Amino acid sequence: MIFDLFGTLVPAPASSERRAAVAQLAWAMRVPMAVAETALSGSWRARHDGQLRSGSAVATHFIERCGASPARTNEVEAVLARLAHHRLQADRALLQALKELRQGGIRLAVLSDASPDIAEAWDGSELASHFDVAVFSCWAGAVKPDRRLFQGVLAKLGAEAGQVLYCGDGGGDELAGAERAGMRALRVTRRGGPTGLAFGEAQWSGRTIPAVEALPSLLDGWGER
């Protein structure tokens, strides 16, 4: 089983959370918030598609785009690491659901459009120990719905596409992408609510469940455990 990360396992960021992150970055660089916001918004693809492959590279990128002092680079990198740690906090009920799935013999993977600061923080999160495989776009060199991402995570799982269920909130056209790669796909109502930020969302007419926490009992009903 493969999971999306943001909006599925952890909340999609709200606008207020994004503004708070921009404020921290702006302070670290000693630049106006509008300048930091422009740098953050304009760097989404570079941070997610492999152009920038480390938190240090992201920090340097922000410094250069904002015309900030290079002396602030370490401070910006520390802010990115702190924000990433915060964003990877997961609910206890969700962690319990993942534990039950693995106890039922299901191998789990996460496939996320993520920036290097998130990828670097992953191993230190409580989520990491519940997954057999983690694939992040920044290190894979592509963003959803690129077929290479789905093929890559399948290869790491050692599974055939037809054996795998993909679960996500739908950002990045991931559900259709999973189906094109031969998987079954299941939409999970966006964690964090409808105001959570998402990129590249597409309409979905397939099955939807309210949360990942519903999966253990759902799969019992399907006879898949």
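Mentor: Buried means under 20% relative accessible area, exposed means over 50%, and partly exposed lies in between (1.4 Å probe, protein chains only). This is a predicted model, in which local features need pLDDT of at least 70, side-chain atom pairs count only at pLDDT 80 or more, and totals for chains, interfaces and linings use all residues. Residues are numbered from 1 along each chain as its sequence is written, and side-chain values use heavy atoms, without hydrogens and water.

Trainee: Is Lys 144 buried or exposed?

Mentor: The relative accessible area of Lys 144 is 7%. Because buried means under 20%, this value decides the matter. Lys 144 is therefore buried.

Trainee: Which residue does Lys 144 meet in a salt bridge of 2.9 Å, N to O?

Mentor: A salt bridge here is a side-chain nitrogen of Lys or Arg within 4 Å of a carboxyl oxygen of Asp or Glu, and the whole structure holds 13 of them. Like Lys 144, the partner is buried. At 2.9 Å, N to O, the side chain of Lys 144 meets that of Asp 4.

Trainee: Why does the pair of Asp 4 and Lys 144 tie together parts of the chain, and how many residues apart are these parts in sequence?

Mentor: Helices (H or I, at least four residues) and strands (E, at least two) are DSSP runs, numbered from the N terminus. Asp 4 and Lys 144 form their salt bridge at 2.9 Å, N to O. Asp 4 belongs to the loop between E1 and H1 and Lys 144 to the loop between H8 and H9, so the parts tied together are separated in sequence by 140 residues.

Trainee: Which residues do salt bridges that share partners join into one network?

Mentor: Lys 144 also forms a salt bridge with Glu 174, at 2.8 Å, N to O. That pair links helix H10, which holds Glu 174, to the loop between H8 and H9, which holds Lys 144, across 30 residues. Glu 174 counts as buried, at 0% relative accessibility. The salt bridges with shared partners thus join into one network Asp 4, Lys 144 and Glu 174.

Trainee: What is the value of omega at the cis peptide bond between Lys 144 and Pro 145?

Mentor: Pro 145 is placed in the loop between helix H8 (137-140) and helix H9 (147-157). The peptide bond that joins Lys 144 to Pro 145 is cis, with omega at about 10°.

Trainee: Is Leu 175 buried or exposed?

Mentor: Leu 175 lies in helix H10 (residues 174-180). Beyond four places in sequence, it touches (heavy atoms within 4.5 Å) several residues, among them Tyr 166, Leu 186 and Trp 204. Its relative accessibility is 3%, so Leu 175 counts as buried.

Trainee: Which strands stand at the edges of the sheet?

Mentor: The sheet is open, and its six strands run in the order E3-E2-E1-E4-E5-E6 with parallel pairing. Two strands pair if DSSP finds at least two bridges between them. Each edge strand has a single partner, so one of its sides is left without a neighbour in the sheet; these strands are E3 and E6 (208-209).

Trainee: Which residue of E4 is the bridge partner of Phe 3?

Mentor: Strand E1 (residues 2-3) pairs with strand E4 (residues 165-168) in the parallel sense, over two bridges. In E4, the partner of Phe 3 is Cys 167.

Trainee: Within what arc do the buried residues of H1 fall?

Mentor: The buried residues of H1 are Ala 21, Val 22, Leu 25, Ala 26, Ala 28 and Met 29. They line one face of the helix because, seen down its axis, they fall within a limited arc, taken from the directions from the helix axis to the C-beta atoms. The face turned away from the buried side carries the exposed residues Arg 19 and Trp 27. The arc of the buried residues is 160°.

Trainee: Which residue just after H1 takes a positive phi?

Mentor: The residue is found in the loop between helix H1 (15-29) and helix H2 (33-42). It counts as partly exposed, at 38% relative accessibility. Its phi is near 60°, a positive value in a residue other than glycine. Just after H1, the residue with this positive phi is Arg 30.
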